[in-house]
Amino acid sequence: MKIIVCLGNVPDTTTKIKFTDDNKKFDSDGVQWVINPWDELALTRAMELKEDSNNSVNEITVITVGTLGTEPTIRKALAIGADNAVRIDAEPIDSYFVAFQLAEYLKNEEEDYIVFAGIESSDYNGSAVGSMLAEFLNLSSISAVSSLEMQGDQIKIFREIDGGHEVVSMSAPFVTVVQKGIAIDPRIPAMRGIMMARKKPLNVVAAVECAPLTEMLSFELPQPKPPCKMIDADNAKELIDLLQNEAKIL
Amino acid sequence: MAVLVYTENWDGRFKKSTYELVSYAKAISDMMETTVVALSIGPVEDKELEKLGDYGVDKIIKISDDLYSVLDNQVYTRVIADVAENEDANVILLSHNNTGKALAPRLSVRLKAGLVTAVIKVPSSVEPFTVCKKVFSGKGFVHLVVLSEKKVLTLSKNSFELVEKKTKPGIEEYSPDFTLGDFKTRVEKVDKQTGKLILTDAELVVSGGRGMKSPDNWGPIEELADLLGAATACSRPVSDEGWRPHEEHTGQTGKVIAPNLYIAVGISGAIQHLAGISSSKCIVAINTDPDAPIFEAADYGIVGDAHKVLPELITAVKEYKSEN
Ligand SMILES: Cc1cc2nc3c(=O)[nH]c(=O)nc-3n(C[C@H](O)[C@H](O)[C@H](O)COP(=O)(O)OP(=O)(O)OC[C@H]3O[C@@H](n4cnc5c(N)ncnc54)[C@H](O)[C@@H]3O)c2cc1C
Ligand SMILES: Nc1ncnc2c1ncn2[C@@H]1O[C@H](COP(=O)(O)O)[C@@H](O)[C@H]1O
């Protein structure tokens with residue numbers, strides 16, 4: 001069985017956000033690009049499953065819709081341990097466009113497979129691509145997944161529901177949209193992995209014609225917050241008064 | 001034309017977020033001069049369904065067959081898409097929660113309808129259809145145009161006020177023709193937190209960070225939360241260390257919440273933590289370090305040791321409660 005990990009390429013989470021061209025574009029000047037944190041955890045879980053001999057996972061493919069500039073991120077995923085990578089050569093215009101490209105590529109997949117996607121990209125926060133891909137491929141999808149275990153062909157998934165979780169059993173192929181818990185700490189590439197990554201296949205394919213359904217018009221920064229009102233540590237009572245009479249919360 | 005709103009229920013009950021969504025649907029339908037149709041799936045009594053009429057629903061479609069008690073994303077998508085087509089809906093609304101996030105993208109593909117998730121305001125215009133959402137985990141906003149004729153939106157919690165508008169909606173039963181074999185999702189077990197206020201539903205939250213020093217020091221946080229009727233939360237290292245359960249972890253990689261009040265105790269205010277809580281209406285910070293970044297995000301701050309400040313706050317809340 002093969003695990004396909006959808007890989008987003010996003011600004012490092014500590015990036016200071018700025019916009020250019022009359023706030024029409026994200027200013028990527030000087031930005032450090034990283035694997036979307038969820039996808040890094042998804043890849044980590046995929047690696048753990050491949051290393052475990054109690055199941056049939058034997059290959060991990062990472063797949064990205066992105067321009068040449070995303071290749072360092074893809075190489076990092078190969079260095080962490082993916083076996084091969086696919087880059088669909090296009091600017092990711094909107095989530096519909098991205099999912100369509102991924103689906104066009106994956107529809108020819110013959111082997112049994114599971115797709116891992118993250119719950120959201122840390123840049124545009126779409127929370128969309130994984131489930132859209134499932135609908136394009138006419139596959140089941142399980143969302144809000146915090147754990148996925150495999151025992152032979154038996155797959156057990158924990159999905160979060162409001163105030164608890166459900167244990168769901170599934171059989172491949174399907175798409176799983178993962179979140180917190182899927183793996184604890186992301187793996188970091190070791191020296192050997194970095195050397196090996198250079199020789200691993202990175203297959204570049206052309207995009208297919210598809211019109212996006214949304215368009216980003218303009219960006220805005222949040223209004224600066226008024227300064228914090230400080231209260232003396234010996235006067236906790238005042239905080240309660242303020243919450244009651246000024247903020248009108250209590 | 002119509003606005004279709006998927007009104008999710010929990011054990012036969014709607015939540016405040018359901019009514020927020022319905023109020024939002026009504027606001028959009030007014031802008032488009034059309035009607036609001038609510039779809040309810042699962043056993044919900046008519047008395048509960050009628051409450052949707054407090055917020056402007058014109059018609060309710062209910063599916064009460066037990067078959068639909070398991071959330072199978074594929075089946076649900078087909079059901080909602082079919083209703084959308086029957087009702088000639090061109091806007092479909094869901095809450096931005098686990099279910100909405102799982103269904104809205106599938107609906108978008110099925111209906112070839114442009115999707116915007118986690119919207120925070122009514123559209124600034126419906127022609128072209130322009131909506132606003134947060135991006136970069138709250139560090140910015142984007143205004144988007146939906147280009148397709150049909151649209152699917154999910155609404156962020158606590159971002160739209162309830163607006164009462166009494167209507168007397170008719171209730172129609174609908175029976176889609178799916179069978180058990182269509183449900184590929186097999187639920188083996190359900191585990192629910194019982195008796196505890198669910199963090200994502202809470203209007204008030206008391207949260208602790210590494211500054212609490214040890215899991216044994218959580219007594220005052222729980223006591224304060226209890227007194228206020230608040231839920232408890234924590235920063236990521238606290239849940240990673242196993243000091244607190246994972247459900248409490250807030251932030252970019254945990255829960256994103258928007259309560260009316262968030263009290264952060266011994267939390268430094270790292271950018272990834274703020275990503276999960278910056279939409280709170282009011283933030284209070286208690287921290288020994290006057291330069292902690294949390295004070296830049298906070299509305300009210302106390303520089304001081306949690307172990308001294310919390311007991312005083314508890315006393316003050318007790319006094320406040322006995323007076324009110
Ligand atoms: C990709 C990524 C994702 C992340 N996601 C998240 C996330 O979702 N949520 C999250 O929380 N973090 C997240 N983090 C971690 C984040 O960067 C911070 O490390 C973390 O939030 C710090 O937690 P803290 O504030 O509890 O601890 P610290 O940063 O150690 O802060 C403790 C604070 O307590 C104060 N303090 C000490 N003693 C006392 C006392 N007696 N009384 C009062 N105050 C005291 C200190 O002054 C300090 O400000 C993420 C990091 C990365 C790299
Ligand atoms: N350009 C992309 N290429 C491949 N996968 C992507 C891309 N963008 C997003 N994804 C996947 O979809 C998930 C959710 O992203 P989004 O819907 O953009 O919030 C990410 O965690 C990735 O797994």
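Colleague: How far is an oxygen atom of ligand 2 from a polar backbone atom of Ala128(A)?
Modeller: This is a predicted model, so the distance is a computed one. Ala128(A) is listed among the residues that come nearest to ligand 2. The contact runs from an oxygen atom of ligand 2 to a polar backbone atom of Ala128(A), and the distance is 2.7 Å.

Colleague: Which residue offers a polar side-chain atom to an oxygen atom of ligand 2?
Modeller: Ser127(A) places a polar backbone atom 2.7 Å from an oxygen atom of ligand 2, so Ser127(A) is not the answer here, because a side-chain atom was asked for. The side-chain atom lies 3.0 Å from the ligand oxygen, within the 3.5 Å allowed for a polar contact. The residue is Asn36(A).

Colleague: How much of the accessible area of ligand 2 does the protein cover?
Modeller: There are 17 residues around ligand 2, including Asp39(A), Ser121(A) and Val129(A). On its own, ligand 2 has 480 Å² of accessible area. The share covered by the protein is 93%.

Colleague: Which residue has a polar backbone atom 2.9 Å from a nitrogen atom of ligand 1?
Modeller: Around ligand 1 there are 26 residues, and Arg210(B), Ser235(B), Ser268(B), His273(B) and Asn287(B) come nearest. Arg210(B) has a polar backbone atom 2.7 Å from an oxygen atom of ligand 1, while a backbone N or O atom of Thr288(B) lies 3.4 Å from a nitrogen atom of ligand 1. The residue with the 2.9 Å distance to a nitrogen atom is Ala306(B).

Colleague: What percentage of the area that ligand 1 exposes when taken alone does the protein bury?
Modeller: Taken alone, ligand 1 exposes 990 Å². The part of this that the protein buries is 78%.

Colleague: What area is buried between chain B and chain A?
Modeller: The contact involves 88 residues of chain B and 75 residues of chain A. Carbon and sulfur atoms give 56% of the buried area. The area itself is about 7000 Å².

Colleague: Which residue of chain B forms a salt bridge with Lys225(A)?
Modeller: Between chain B and chain A the count is 4 salt bridges, and there are also 39 residue pairs in polar contact. In the bridge of Lys225(A), the closest N and O atoms are 3.2 Å apart, and this counts because the limit is 4 Å. The partner is Asp299(B).

Colleague: How far apart are the C-alpha centres of domain 1 and domain 2 of chain B?
Modeller: Chain B is divided into domain 1, residues 2-182, and domain 2, residues 199-323. The two are in contact through 7 residues of domain 1 and 11 residues of domain 2. Their C-alpha centres lie apart by 32 Å.

Colleague: Which residues of domain 1 of chain B lose the most area to domain 2 of chain B?
Modeller: The area buried between these domains is about 740 Å², of which carbon and sulfur atoms give 30%. Three residues together make up 58% of what the domain 1 side buries. They are Ser137(B), Lys157(B) and Asn158(B).

Colleague: How many charged residues are on the side of domain 1 of chain B that touches domain 2 of chain B?
Modeller: Between the two domains the count is 3 salt bridges, and 8 residue pairs are in polar contact. Lys15(B), for instance, forms a salt bridge with Asp201(B), with the closest N and O atoms 2.8 Å apart. By class, the domain 1 side has no nonpolar residues and 2 polar ones, and its number of charged residues is 5.

Conventions: Residues are numbered from 1 along each chain as its sequence is written. Chains are lettered from A and ligands numbered from 1 in the order in which they are written. This is a predicted model: local features need pLDDT of at least 70, side-chain atom pairs count only at pLDDT 80 or more; totals for chains, interfaces and linings use all residues. Side-chain values use heavy atoms; hydrogens and water are left out. Domain bounds come from an automatic or database domain assignment. Contact means heavy atoms within 4.5 Å. Buried area is the accessible area (1.4 Å probe) that two parts lose on being put together, summed over both. A salt bridge is a side-chain nitrogen of Lys or Arg within 4 Å of a carboxyl oxygen of Asp or Glu. A polar contact is a pair of N or O atoms within 3.5 Å; within protein, one must be able to donate a hydrogen and the other to accept it, and residues adjacent in sequence count only if both atoms are side-chain atoms. Ala, Val, Leu, Ile, Met, Phe, Trp, Tyr, Cys and Pro count as nonpolar, Asp, Glu, Lys and Arg as charged, and the others, Gly among them, as polar. A residue is near a molecule or strand if one of its heavy atoms lies within 4 Å of it. Accessible areas come from the Shrake-Rupley method with a 1.4 Å probe; for residues, only the protein chains shown count as cover.
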